[in-house]
Amino acid sequence: MKIGLLARIEAQPEYAEQVATLLGDALELARQEEHTVTWFAFREDATTFGVFDTFHDEEGRTGHLQGRIAAALTEAAGTMLRSAPDIRPVDLLAVKLP
């Protein structure tokens, strides 16, 4: 793992639980992505969520951004989110896994 993505997602208050469900259900989609090494969905507070995922190379990261999870978030942005997800590419400096 050398690179990743960090996404911050802000839900409309009335859709927060639906966004939580969407992210929980997205785990199966992430498992199907051959080039996604790790994938984490998290909740910061009642309406703020995030996703952190890692990849071996740019091809994997780009493929993920063009995949089904990104499409679902883009679709949700129109109604369930306050704005489009803030997705930032990151370079991994150090990693500890079990």
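What covers the buried residues of helix H1? Let's find out in the viewer, keeping in mind that this is a predicted model.

**Stop 1: helix H1.** Select residues 16-32 to bring up H1, a helix of 17 residues. From its first C-alpha to its last, H1 reaches 25 Å, close to the expected 24 Å. Now pick Ala-26, where H1 bends by about 30°. Ala-26 is also one of the buried residues of this helix, together with Ala-16, Val-19, Leu-23, Leu-29 and Ala-30. Show the surroundings of these side chains and you have your reply to the opening question: the cover includes strands S1 (3-10), S2 (36-43) and S3 (48-55), along with helix H3 (68-77).

**Stop 2: helix H2.** Next, select residues 58-65 and show the side chains of Glu-58 and Arg-61, which lie three residues apart in H2, about one turn of the helix. Residues three or four places apart on an α-helix point the same way, because there are 3.6 residues a turn. Here the two side chains form a salt bridge, 2.7 Å from N to O. Glu-58 is partly exposed at 42% relative accessibility, whereas Arg-61 is buried at 7%.

**Stop 3: more charged pairs.** The whole structure holds six salt bridges. Try Asp-86 and Arg-88, whose closest N and O atoms are 3.0 Å apart; Asp-86 is partly exposed, at 33%. Arg-8, Glu-10 and Arg-82 are joined into one network by salt bridges that share partners. Zoom in on Arg-8 and Glu-10 to see their closest N and O atoms 4.0 Å apart. Arg-8 is partly exposed at 42%, while Glu-10 is buried at 16%.

Technical notes
Residues are numbered from 1 along each chain as its sequence is written. This is a predicted model: local features need pLDDT of at least 70, side-chain atom pairs count only at pLDDT 80 or more; totals for chains, interfaces and linings use all residues. Side-chain values use heavy atoms; hydrogens and water are left out. Helices (H or I, at least four residues) and strands (E, at least two) are DSSP runs, numbered from the N terminus. The expected span of a helix is 1.5 Å times one less than its number of residues. The bend at a residue is the angle between axes fitted to the seven residues ending there and the seven starting there. Buried means under 20% relative accessible area, exposed over 50%, partly exposed in between (1.4 Å probe, protein chains only). Contact means heavy atoms within 4.5 Å.
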